[in-house]
Amino acid sequence: MATQKHGKKYLEVSKLLEAEKLYEPREAVSLLKKLNYVKFDPTVELHMKLGVDPRHADQMVRGVAMLPAGTGKEVKVLVFAQGEKVSEAETAGADFVGLDDLIKQIESDWLGFDVAIATPDVMGKVGRLGKKLGPRGLMPSPKAGTITFDLARTIREVKAGRVEFKVDKTALLHIPAGKLSFSEEALMTNISSVVDAVVRARPSGAKGTYVKSVVLTSTMSPSIRLDVATALALKP
């Protein structure tokens, strides 16, 4: 099995990490900034290994987390709606609003948005986009709060820093927590909010240890393993 080759800069900053150490969250955030060697502003991510079997419906972990300090990127919001809800979505700042026209565009492989929201009354039509949007995590769903008549509030939240998470088939969560250029305080606030949301999303079927490991990383940087107990003790 071939090992992944890393560049000189990656290997250089990796020396700042203590191999077997489990870091306190605040210490990890401070270290993560020192590990950066890229010229762009990387996304900070929290990776969590969960003690669940996602093949069972009662162990599926899915939810949303509000990032109080925002995501650090502009979020393009698409809304499927009709009637008076169209103007509500437009007023609330949605980037794309419509129904049949948008469905046709998406069926022609257009995906120029980050989040899709739909009112319940149009899901009969939107449902047929499942194969296009589902694999990309873009399909509106009740669990993610993206099928709703409360468009104004949902659009505001998504624009302000609302992120969805869903456990993958290997029981891992990958959740963005802002940009590396954020202050340490802002990153800590976002990370605390993410951890709290994941803990609250614990499914009824989860037995034993729910969160097995927590890793903090940024785009292309080495990963920092966190002390799980300290990370779970964070409060937003």
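This is a short walk through a predicted model, from its largest pocket to its helix pairs and then to a handful of single residues.

Let's start with the open space. The largest pocket holds about 760 Å³. A total of 31 residues line this pocket. If you want to find its middle on your screen, look for Asp114, Val115, Gly137, Val163 and Glu164, which are the lining residues that lie nearest the centre. What kinds of residue make up the lining of the largest pocket? The lining divides into 14 nonpolar, eight polar and nine charged residues. Several strands contribute to it: strand 2 (62-66), strand 5, strand 6 and strand 7 each supply at least two residues of the lining.

Two of those strands help us place a backbone feature worth a look. Ala171 sits in the loop between strand 6 (162-166) and strand 7 (172-179). Its phi is near 70 degrees, a positive value in a residue other than glycine. Is Ala171 buried or exposed? Its relative accessibility is 4%, and the cut-off for buried is under 20%, so Ala171 counts as buried.

Asp109 makes a good companion to that alanine. Here too phi is positive in a residue other than glycine, with a value near 80 degrees. You will find Asp109 in the loop that runs between helix 4 (100-107) and strand 5 (115-118). With a relative accessible area of 56%, Asp109 is exposed, because exposed means over 50%.

Now turn to the way helices pass one another. Helix 2 (residues 25-34) and helix 8 (residues 184-200) have axes that come within 10 Å and cross at roughly 125 degrees. That angle makes helix 2 oblique to helix 8. The crossing of these two helices is right-handed.

A second pair is formed by helix 3 (residues 84-91) and helix 7. Their axes come within 9 Å and cross at roughly 30 degrees. Angles under 35 degrees count as roughly parallel, so helix 3 is roughly parallel to helix 7. Helix 3 passes helix 7 in a right-handed crossing.

Helix 7 also gives us a way into distances between residues. Ala152 lies in helix 7 (residues 151-161), and at 19% relative accessibility Ala152 counts as buried. How far apart in space are Ala152 and Ser221? From C-alpha to C-alpha the distance is 37 Å, with their positions 69 residues apart in sequence.

Lys143 belongs to the loop between helix 6 (130-133) and helix 7. Lys143 has a relative accessibility of 60% and counts as exposed. In sequence Lys143 and Ala197 are 54 residues apart, while their C-alpha atoms are 13 Å apart in space.

Two further pairs round off the tour. Lys125 is part of helix 5 (residues 123-126). At 37% relative accessibility, Lys125 counts as partly exposed. Its partner here is Ile103: the two are 22 residues apart in sequence and 8.2 Å apart in space, C-alpha to C-alpha.

Finally, go back towards the beginning of the chain, to Val13 in helix 1 (residues 8-14). Val13 has 11% relative accessibility and counts as buried. Which spacing separates Val13 from Tyr37? They are 24 residues apart in sequence, and the distance from C-alpha to C-alpha is 7.7 Å.

Methods: Residues are numbered from 1 along each chain as its sequence is written. This is a predicted model: local features need pLDDT of at least 70, side-chain atom pairs count only at pLDDT 80 or more; totals for chains, interfaces and linings use all residues. Side-chain values use heavy atoms; hydrogens and water are left out. Helices (H or I, at least four residues) and strands (E, at least two) are DSSP runs, numbered from the N terminus. Buried means under 20% relative accessible area, exposed over 50%, partly exposed in between (1.4 Å probe, protein chains only). On a 1 Å grid over the protein atoms alone, a cavity is a set of points where a 1.4 Å probe fits but cannot get out, and a pocket is an open set with protein on both sides within 12 Å along at least five of seven lines; lining residues have an atom within 4 Å of a point. Grid points are joined across faces, edges and corners, and a volume is the space filled by probe spheres set on the points. Ala, Val, Leu, Ile, Met, Phe, Trp, Tyr, Cys and Pro count as nonpolar, Asp, Glu, Lys and Arg as charged, and the others, Gly among them, as polar. Axes are lines fitted to C-alpha atoms, for helices over the stretch in contact, and angles run from 0 to 180 degrees between N-to-C directions. Angles under 35 degrees count as roughly parallel, over 145 as roughly antiparallel, 65 to 115 as roughly perpendicular and the rest as oblique. A crossing is left-handed if the near helix is turned anticlockwise from the far one by less than a right angle, and right-handed if clockwise.
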